[in-house]
Amino acid sequence: MSRPSHLPDTLPGHPMITRQGATLMIESLPASELASRFGTPLYVYSRGAIELAARAYADAVRDRPVALRYALKANSNLAVLQLLARHGWGFDVVSGGELARVLEAGADAGGVVFSGVGKTDAEIAAALRAGVQCLNVESTSELQRIDRVAGELGIPAPVSLRINPDVDPRTHPYISTGLRSSKFGIAQAQARQAYAQCARLSNLRVAGIDVHIGSQITELEPYLDALDRVLDLVHDIESDGIRLHHLDLGGGLGIRYADENPPTPAQWVDALCERLQARGQGHRQILLEPGRSVVGNAGVLLCEVITLKSTLDRHFAVVDAAMNDLMRPALYEAWQRIEPAQSRDGSHALTYDVVGPVCESGDWLGRERQLDLREGDVLAILSAGAYGMAMASNYNTRPRAAEVLVDGERAQLIGERETLQDLLRREHKLQL
Ligand code: LLP
């Protein structure tokens with residue numbers, strides 16, 4: 001049975017993005033209207049979609065000893081952080097800059113875990129002064145560094161060691177972090193000794209144990225394998241007389257870009273809690289650090305077709321967004337859905353490579369897409385809420401895009417478009 005035409009079509013995996021006839025809507029606003037009001041390239045986030053994801057996590061952890069720490073590397077806009085802080089989330093930061101954002105958003109440092117494979121003295125000091133929940137530590141050398149900085153400040157440092165469980169998350173190699181060959185974490189075999197060292201360093205307080213195996217994970221097994229290895233270690237470490245207050249099981253839950261069917265937050269949390277129960281560890285305090293699955297499908301990148309050109313080999317749609325705005329296709333050959341803001345009747349459809357104006361062959365946003373286009377049309381690149389703006393650069397002296405949050409029929413500018421003056425201001429003309 002065909003759908004009645006007055007009902008909007010929802011796009012699978014994108015709860016707040018619909019097509020009403022020819023018009024692509026973000027909540028109650030047409031994408032084309034947002035593009036003309038705020039200009040392109042433009043990141044647009046749906047408040048409703050972020051809150052739906054936040055609530056899905058809140059429901060999943062209700063009545064369970066699980067606390068949520070949003071990994072803001074996925075999308076660190078202050079308004080997004082404020083939304084999540086209002087929903088009671090803590091944060092996973094990986095730099096002094098991210099910590100400063102969390103504090104600027106008015107969130108409580110006591111709900112912040114500080115991850116990352118190389119923290120500077122200044123970052124460690126900032127974290128200790130702010131009073132973070134703990135530092136996730138990735139080497140014995142870093143333990144000594146933190147002990148020294150904590151001693152100098154007279155503030156004991158809560159630490160949790162990040163274990164490398166040597167588990168394959170079965171995702172893209174660039175976003176796999178828990179393999180033995182990766183730079184992350186402390187090897188399982190060296191972890192017990194590292195905890196013993198922690199206990200000897202007088203300015204450290206052991207808070208917990210930490211693991212993160214990768215990103216865009218679409219199966220539960222790798223998580224359960226990693227959890228099993230962590231629990232084996234917990235047993236050994238605690239039998240050495242060291243008490244672990246929490247288990248941080250990282251982030252990484254995938255989203256639907258194309259036809260993936262990742263577990264829901266509830267399925268993820270249920271599976272972890274069941275395994276903990278089965279191993280007699282159901283009482284453990286758990287932290288989770290999701291990023292992508294909170295914001296990924298809440299965002300789109302709008303861009304305008306500048307030029308249509310056909311070479312002897314293929315058809316190109318050159319748009320005003322590029323690899324500097326959205327790096328994922330160039331960096332990981334990532335596939336993200338591309339939808340016209342106003343669809344046409346298809347009579348002039350061609351197979352296009354959608355590319356940016358940057359002087360690199362790697363500057364593409366989508367390849368071999370069937371689209372009916374005219375110059376001046378607006379396109380929406382979906383699933384751009386995570387690792388989109390957060391990874392944007394100024395390559396080719398391109399100012400970074402503006403960011404807008406849509407809430408029903410309202411739209412708020414939450415990130416100004418960068419100006420050329422912004423870019424030039426930090427440089428000095430030759431004086432020597
Ligand atoms: N915790 C730690 C320690 C992490 O390294 C990460 C992501 C997360 C949590 C959050 O993972 P998520 O839930 O977002 O998957 N730029 C890549 C993704 C890099 C992920 C890095 N670490 C991409 O665009 O696919």
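Helix H8 (residues 221–239) gives the largest share of the lining of the largest cavity, three residues. Helices are DSSP runs of H or I, at least four residues, and strands are runs of E, at least two, numbered from the N terminus. The model is predicted: local features need pLDDT of at least 70, side-chain atom pairs count only at pLDDT 80 or more, and totals for chains, interfaces and linings use all residues. Residues are numbered from 1 along each chain, and side-chain values use heavy atoms, without hydrogens and water.

The whole structure holds two cavities of 30 Å³ or more. A cavity is a set of points on a 1 Å grid over the protein atoms alone where a 1.4 Å probe fits but cannot get out; lining residues have an atom within 4 Å of a point. Volume is the space filled by probe spheres set on the points.

| Cavity | Volume | Lining |
|---|---|---|
| Largest | about 50 Å³ | Val211, His212, Ile213, Tyr223, Ala226, Leu227, Leu249, Leu272 |
| Second largest | about 30 Å³ | Val66, Val269, Leu272, Cys273, Leu276, Ile286, Leu288 |

The largest cavity is lined by seven nonpolar residues, one polar and no charged. For the second largest, the lining has seven nonpolar, no polar and no charged residues. Helix H9 (265–278) supplies four of them, the largest share.

Glu289 sits in the loop between strand E14 (285–288) and helix H10 (292–295). Glu289 is buried (under 20% relative accessible area, 1.4 Å probe, protein chains only). Glu289 has no salt bridge (a Lys or Arg side-chain nitrogen within 4 Å of an Asp or Glu carboxyl oxygen). The nearest side chain of opposite charge, Lys73, is 5.9 Å away.

How values were computed: Buried means under 20% relative accessible area, exposed over 50%, partly exposed in between (1.4 Å probe, protein chains only). Lys and Arg count as positive and Asp and Glu as negative; His and the chain ends are not counted. On a 1 Å grid over the protein atoms alone, a cavity is a set of points where a 1.4 Å probe fits but cannot get out, and a pocket is an open set with protein on both sides within 12 Å along at least five of seven lines; lining residues have an atom within 4 Å of a point. Ala, Val, Leu, Ile, Met, Phe, Trp, Tyr, Cys and Pro count as nonpolar, Asp, Glu, Lys and Arg as charged, and the others, Gly among them, as polar.
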